[in-house]
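Colleague: I would love a close look at one part of this model, namely the interior and the elements packed around it. Could you walk me through what you see there?

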Amino acid sequence: MRSHAITERAILIAEADRVFAIFIKQRDKWTCVRCHKPSPIGSKLFTCSHFKNKRYLKVRWNPANADGLHKYCHTLWEYDKKGEYLLFKQRQLGNVAVELLKKEAQNTSYHITNDQLKLIISRYKSLIGE
Ligand SMILES: [Zn+2]
């Protein structure tokens, strides 16, 4: 039973990531927020970037924490989260919201249940029209 439970959770997290990434790409109109170049819809070279790392579950499916970026621009910003990416987020969200996002990410007592994951999945599924 234990390994079954782990598998179910892993599947739910992967599905939440999948629908959330589509939502972010659609929200950003398949256009890179860094270089402003559009990508063809469905392009594998267009990615969903997380400002605060995905290991912080509290903000993993928060749209304020995610941006549509080219693979190339994603790589650049992945290694510049205290530089150019931070400046972008401050312009995009405002300093207060960025600080809030960081604070939420650091909430180590946060736990997300499988039922909450299912809610996230159904919410983003309806937002992307699945
Ligand atoms: Zn780009």
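Modeller: Happy to; what follows goes from the paired strands to the cores, then to the helices and a few loop residues. Please keep in mind that this is a predicted model.

Let's start with the two strands. β1 and β2 run antiparallel to each other and are joined by five bridges. One pair you can pick out by eye is threonine 47, which stands opposite leucine 69 in β2. β1 is mostly covered, with five of its five residues buried. Phe46, Cys48 and His50 point one way from this strand, while Thr47 and Ser49 point the other way, and all are buried. β2, residues 66-70, is likewise mostly covered, and five of its five residues are buried. From β2, Ala66, Gly68 and His70 point one way and Asp67 and Leu69 the other, and again all are buried.

Some of these strand residues turn up again in the nonpolar cores. The largest nonpolar core has eleven residues, and Cys48 and Ala66 are among them. The others are Ala16, Val19, Phe20, Ala21, Ile24, Trp61, Ile120, Ile121 and Tyr124. Two elements, α1 and α6 (114-128), give two or more residues to this core. Of these, α1 gives the most, with five residues. There is also a second, separate core of six residues, which includes Phe51, Leu69, Cys73 and Tyr85.

To see how the larger core is held in view, try following two residues, valine 19 and phenylalanine 23. Leaving aside its neighbours within four places in sequence, valine 19 is in contact with Ile121, Tyr124, Lys125, Ile128 and Glu130. Phenylalanine 23 is in helix α1. Setting aside neighbours within four places in sequence, its contacts are Tyr124, Leu127 and Ile128. Phenylalanine 23 and tyrosine 124 are 101 residues apart along the chain, yet their C-alpha atoms are separated by 6.6 Å. Why, then, is phenylalanine 23 partly exposed? Phenylalanine 23 has 19 other C-beta atoms within 10 Å, and a residue needs 20 or more to count as buried. So phenylalanine 23 is classed as partly exposed on that count.

Next comes helix α3, residues 71-78, whose buried residues are Cys73, His74 and Trp77. Looking down the axis of α3, these buried residues fall within an arc of 105 degrees, so they line one face of the helix. They pack against β1, β2 and α4. Cys73 is also one of the residues of the second core.

That brings us to α4 and its contact with α5. Two packed helices are described by the angle between their axes and the distance between the axes. For α4 (residues 84-93) and α5 (residues 95-105), the angle is about 120 degrees and the axes are 6 Å apart. The contact is made by Lys89, Gln90 and Leu93 on the α4 side and by Asn95, Ala97 and Val98 on the α5 side. By class, this contact has three nonpolar, two polar and one charged residues.

Finally, a few loop residues deserve a look. Lysine 82 lies in the loop between α3 and α4. Lysine 82 is exposed, because it has 8 other C-beta atoms within 10 Å and the limit for that class is 12 or fewer. Lysine 82 and phenylalanine 51 are 31 residues apart in sequence, and 9.8 Å separates them in space, C-alpha to C-alpha.

The loop between α1 (2-27) and β1 (46-50) holds lysine 29. Lysine 29 has a positive phi of about 55 degrees, although it is not a glycine. With 10 other C-beta atoms within 10 Å, lysine 29 is exposed. Histidine 36 lies in the loop between α1 and β1. Histidine 36 has a positive phi of about 70 degrees, and it is not a glycine either. Histidine 36 counts as exposed, with 8 C-beta neighbours inside 10 Å.

Note on methods:
Residues are numbered from 1 along each chain as its sequence is written. This is a predicted model: local features need pLDDT of at least 70, side-chain atom pairs count only at pLDDT 80 or more; totals for chains, interfaces and linings use all residues. Axes are lines fitted to C-alpha atoms, for helices over the stretch in contact, and angles run from 0 to 180 degrees between N-to-C directions. Helices (H or I, at least four residues) and strands (E, at least two) are DSSP runs, numbered from the N terminus. Two residues are in contact if their C-beta atoms, placed from the backbone, lie within 7 Å. Ala, Val, Leu, Ile, Met, Phe, Trp, Tyr, Cys and Pro count as nonpolar, Asp, Glu, Lys and Arg as charged, and the others, Gly among them, as polar. A nonpolar core is a set of buried Ala, Val, Leu, Ile, Met, Phe, Trp, Tyr and Cys residues joined through C-beta atoms within 7 Å. Two strands pair if DSSP finds at least two bridges between them. The arc is that of the directions from the helix axis to the C-beta atoms.
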